[in-house]
Amino acid sequence: MNDLPGTLKYIQYEHGLEERYLPAIRSLIAGDLSEPYSIYVYRYFLCQWGHLCFMALDPADASLIGVIICKLEVHSSHSPPTRRGYIAMLAVASPYRGKGIATALVKKAIDAMAQRKADEIVLETEETNVPAMRLYERLGFLRSKKLHRYYLNGNSAYRLVLLLKSIDPDALIEDSEE
Ligand SMILES: CC(C)(COP(=O)(O)OP(=O)(O)OC[C@H]1O[C@@H](n2cnc3c(N)ncnc32)[C@H](O)[C@@H]1OP(=O)(O)O)[C@@H](O)C(=O)NCCC(=O)NCCS
């Protein structure tokens, strides 16, 4: 565990891995969620955008240490249409935090979405989530909107955006209420 994150194995999710890793993904994410997700939420993302899900595995036993789950959609209300990436879930097992694993996962997700010509990548995170805010802002994400009492637990959130292409920032914010 000393040389993390370099010694970890990072793999892209694929459908053949569902039986092995979906229970571990659910339990890793459920441990820290602001609100619970059903199995259908995980399947919604993983069946359509498994190529935008990355896992960090312990090389010794291939157990799950971290995961990021994303999607990429076209928003045709913009002119021209915007390709928007969305980071839906990110978690690293607590004994492994603070070692750059989430940073490595987010970078892989950004690269994958950039390769698929995303114009922007957005996400929401609780305003009190200092590690997540630090991580995303260090990678260039900007606060686009404060979402008051956004979560079921009453906590507020920030919507963060990473602009990959030059687009009208006002259009991003107006279209952010989905
Ligand atoms: C957020 C989370 C994914 C970060 O994972 P990680 O692997 O520890 O992240 P990294 O090591 O890549 O970077 C974390 C950053 O937060 C900092 N950090 C970690 N714990 C911190 C704390 N308690 N207070 C302040 N900063 C903290 C780290 O120093 C690092 O920033 P730096 O590189 O500028 O020093 C992890 O804490 C987690 O799984 N949390 C629960 C789920 C969650 O909140 N997900 C995000 C939802 S958007």
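Select Val106 to begin: leaving aside neighbours within four places in sequence, Val106 is in contact with Ile68, Ile87, Leu90, Leu135, Tyr136, Leu139 and Phe141, where contact means heavy atoms within 4.5 Å. The model in view is a predicted one, in which local features need pLDDT of at least 70 and side-chain atom pairs count only at pLDDT 80 or more, while totals for chains, interfaces and linings use all residues. Residues are numbered from 1 along each chain as its sequence is written, and side-chain values use heavy atoms, with hydrogens and water left out.

**The core**

Widen the selection to the largest nonpolar core, which has 53 residues, and in which Ile25, Met55, Ile69, Ile87, Val106, Tyr136 and Phe141 have the most contacts. Such a core is a set of buried Ala, Val, Leu, Ile, Met, Phe, Trp, Tyr and Cys residues joined through side-chain atoms within 4.5 Å; buried means under 20% relative accessible area, exposed over 50%, and partly exposed in between, with a 1.4 Å probe and protein chains only. Helix α3 supplies the largest share of this core, 8 residues. In soluble globular proteins, nonpolar side chains tend to be buried together.

**The whole chain**

Switch to a cartoon view, in which 5 helices and 7 strands can be followed in the order β-α-α-β-β-β-α-β-α-β-β-α along the sequence. Helices (H or I, at least four residues) and strands (E, at least two) are DSSP runs, numbered from the N terminus. Buried residues make up 46% of the 178 residues, and of the contacts with a separation of 6 or more, 63% are between residues 24 or more positions apart.

**Helix α4**

Next select residues 130-138, helix α4, and colour Ala132, Met133, Leu135 and Tyr136, which are buried. These four cover an arc of only 165 degrees around the axis, which puts them on the same side of α4; the arc is that of the directions from the helix axis to the C-beta atoms. The buried residues of α4 pack against β4 (82-92), α3 (101-115), β5 (120-126), β6 (142-147) and β7 (157-163), whereas Pro131, Arg134 and Arg138, on the other side of the helix, are exposed.

Then inspect the two ends of the helix. At the start of α4, a side-chain oxygen of Asn129 reaches to within 3.2 Å of the backbone nitrogen of Ala132, and just after α4, Gly140 takes a positive phi of about 105 degrees.

**The ligand**

Show the ligand with its surroundings: of the 19 residues around it, Leu90, Gly98, Gly100, Thr103 and Asn129 come nearest, a residue being near if one of its heavy atoms lies within 4 Å. Which atoms of the protein lie close to oxygen atoms of the ligand? A backbone N or O atom of Gly100 lies 2.7 Å from one, a backbone N or O atom of Ala102 lies 3.0 Å from one, and an N or O atom in the side chain of Arg134 is 2.9 Å from one. The protein covers 71% of the 940 Å² of accessible area that the ligand has on its own, areas coming from the Shrake-Rupley method with a 1.4 Å probe, and for residues only the protein chains shown count as cover.

Stay with Gly100, which is in the loop between β4 and α3 and is partly exposed, with a relative accessible area of 31%. Gly100 and Leu135 are 35 residues apart in sequence, yet 9.0 Å apart in space, C-alpha to C-alpha.

**Glu124 and Phe54**

Move to Glu124 in strand β5, which counts as buried at 14% relative accessibility. The side chain of Glu124 makes a polar contact of 2.5 Å with the side chain of Tyr86, and another, of 3.2 Å, joins the side chains of Glu124 and Tyr150. A polar contact is a pair of N or O atoms within 3.5 Å; within protein, one must be able to donate a hydrogen and the other to accept it, and residues adjacent in sequence count only if both atoms are side-chain atoms.

Now select Phe54 in strand β2, which counts as buried at 9% relative accessibility. The C-alpha atoms of Phe54 and Val67 are separated by 5.7 Å, although the two residues are 13 apart along the chain.

**Two loop residues**

Finish with Ala62, in the loop between β2 (54-57) and β3 (64-75), which has a positive phi of about 60 degrees although it is not a glycine. Arg149, in the loop between β6 and β7, also has a positive phi, near 50 degrees, and counts as exposed at 64% relative accessibility. Most residues other than glycine have a negative phi.
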